[in-house]
Structure formats: structure tokens, C-alpha cells
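This report looks at side-chain interactions and strand pairing in a predicted model. Please keep the sequence and the structure in view while reading.

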Amino acid sequence: DGEVHINELKNGNAEMFWNPTSEVRRQRLKRHIVLFEEQTDFESERLWQHVTSAINKGDQHKATQEKFVLEEEQRNAARERKENGTEWKPLLFQHDATTNEWRYKYEDLRPWDPLNDIAQFEKNGVLQTMERHLSTRMSNHKTTCINNQITRHKRSAKDCRRRKTSDQPSNHSQNTESSCSTPESVQELSDDDGEYLGFESLCAQCGKEMNHLKEIHSAVLSLQRAQQDIHR
């Protein structure tokens, strides 16, 4: 959110490359970080604090020294693990043997849904997405399932009446009428009568979304507690 210049070393000319407006500055994302005193020894801000301090002071020699100290400590730790036969187990990353790359365990590659996704947040190194209106989406889906099944029953009842009032022989008409098990009163059913028709278990997707809703509810409660801690 600051000015960026391009400096031509050959002739010493300077050119403005980026100069954000006040509107752009207002739109910048707020940065939320863990308090320094609450960070563990291996979190970046604490781990690199001396290197950062030297860079901010313009002391590149000191920054290089501090960087060397850190890297040497890491080399020694790796050497000790190898000698002791200790396997390094990352908490947040796993190795993909197919691509020979390290991947974040909790990556979420689905497209961002601006209508349902509220925010992404990190807790204990795990990225999570806070969602809204999941219960509404489930309710809409459940209503759609009920309406679809009621529509099918209404069609079945209508077909029965058509067959009963047809001009076919009486014995055939009786057979047709006896084969229709759907009562004509189905036309008067409302969405609340779904349980009577056995709609209590609508479909597998409803069951999955109900379990997902419980997980989201637990995650939201955890987020609320975390936000309260942050505010304190």
C-alpha cells in the first residue's frame, strides 16, 4: 500500500511504478497475527526476529550473520536426528510421492463461494472456512426433495383417476383401480405431511449435509471462542 519506484541504474532515472490511492489503501486486507509472546520458538516472526531487526536497521552484515546462525542450528538439528535415527514428522505438511512435493495437509481447493463463505481463518496452523446459510441451503434442499416426491405422488393419483374414468372394459378398470395404491387425498398434502409419506429420510445428500452442519456448528463455536480470546 505504498509507493513503488523503478530506478534505472545506468542513467539514474527514477520512474513511478505504483502509487496507490486512498481508496486502494482503505481496501487493503487487515493482517491478523498471533501475539509475539504467544508464538512458539519455530514460528516465523519469533524465529527470524533478529534477522528482521537487522534488516530494518539497514545492517545487512548483521542480518547475514543472524541468518547463518539460524541455518547452522537447523543443520545441526538435522544431523542429530539422522545420527539418532529420529524421523522428522511435519505437523502441517505431508509428502506426495507422486509429485515428490510437500503439500499442506488441510488445503481447500474448492472455489470461493461469495454467497456462502464468510471468511477463512487459521487456528493452530489449520486453515478453515467459516460459512453462512448452510442450514438455509439444507432447508431449501429438503423442501425441494419433498416437493419433488409430492409431485410424483400427485401425478400417480391423477393417472389412477384417469384410468378409473376411462372407457375400458369393467374388469380391466377394476384391475387398474386395484393397482393404484396412492390415495386421491394426496393432492391436499402440504410440505408438513412429508413424514406421513416417509420423507423423514429424504436422500443421502440430506444426511451428509446434516452431519456437515454439525461439524460446521462445532467449528463456528470454536471460532467464536477464539475471537473472544483475541478481543481480550
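## Salt bridges around the hairpin and beyond

E107 has a relative accessible area of 36% and is therefore partly exposed, since the buried class ends at 20% and the exposed class begins over 50%. The side chain of E107 meets that of R103 in a salt bridge, with 3.0 Å from N to O, and R103 is likewise partly exposed, at a relative accessible area of 29%.

A further salt bridge joins R110 to E131, where the closest N and O atoms are 3.2 Å apart. R110 lies in the loop between strand 4 (101–104) and strand 5 (117–123), whereas E131 belongs to strand 6 (residues 126–131), so this pair ties together parts that are 21 residues apart in sequence. The two partners fall into separate accessibility classes: R110 counts as partly exposed at 35% relative accessibility, while E131 counts as buried at 14%.

## The network in helix 4

Salt bridges that share partners join K67, E71, E72 and R75 into one network. Within this group, R75 forms a salt bridge with E72, and the closest N and O atoms of that pair are 3.0 Å apart. Both residues lie in helix 4 (residues 60–84), at a separation of 3 residues, which is about one turn of the helix.

Neither side chain of this pair is classed as buried, because R75 has a relative accessibility of 40% and E72 has a relative accessible area of 28%, and both residues count as partly exposed. Across the whole structure, the search finds 10 salt bridges.

## The nonpolar core

Which residues make up the largest nonpolar core? This core has 5 residues, namely L47, V51, A54, A63 and L70, and the elements that contribute two or more residues to it are helix 3 (49–56) and helix 4. As a general background, nonpolar side chains in soluble globular proteins tend to be buried together.

One of the core residues, L47, can be followed through its contacts: when neighbours within four places in sequence are left aside, L47 is in contact with D41, F42, L70 and Q74. Of these partners, L70 is itself a member of the core.

## Aromatic rings and a charge over a ring

The structure holds 2 aromatic pairs. The rings of Y104 and Y106 have their centres 5.8 Å apart and their planes at 70°, so this pair is edge-to-face. Y104 is buried, with a relative accessible area of 15%, whereas Y106 counts as partly exposed at 38% relative accessibility. Ring pairs also bring in F93, which is linked with Y104 and Y106 into a cluster.

Elsewhere in the model, R46 lies over the face of F36, at 4.6 Å from the ring centre.

## Pairing of strands 3 and 4

How many bridges connect strand 3 with strand 4? Strand 3 (residues 93–96) and strand 4 pair in the antiparallel sense over 4 bridges, and the bridge partner of Q94 in strand 4 is R103. R103 thus appears both in this strand pairing and in the salt bridge with E107 described above.

The two strands form a hairpin with 4 residues between them, and in the turn N100 has a positive phi of about 60°.

Terms used
Residues are numbered from 1 along each chain as its sequence is written. This is a predicted model: local features need pLDDT of at least 70, side-chain atom pairs count only at pLDDT 80 or more; totals for chains, interfaces and linings use all residues. Side-chain values use heavy atoms; hydrogens and water are left out. A salt bridge is a side-chain nitrogen of Lys or Arg within 4 Å of a carboxyl oxygen of Asp or Glu. Buried means under 20% relative accessible area, exposed over 50%, partly exposed in between (1.4 Å probe, protein chains only). A nonpolar core is a set of buried Ala, Val, Leu, Ile, Met, Phe, Trp, Tyr and Cys residues joined through side-chain atoms within 4.5 Å. Contact means heavy atoms within 4.5 Å. Rings of Phe, Tyr and Trp (its six-membered ring) pair if their centres lie within 6.5 Å; planes under 30 degrees apart count as stacked, over 60 as edge-to-face and the rest as tilted. A charge sits over a ring if NZ of Lys or CZ of Arg is within 6 Å of the ring centre and within 35 degrees of the ring normal. Two strands pair if DSSP finds at least two bridges between them.
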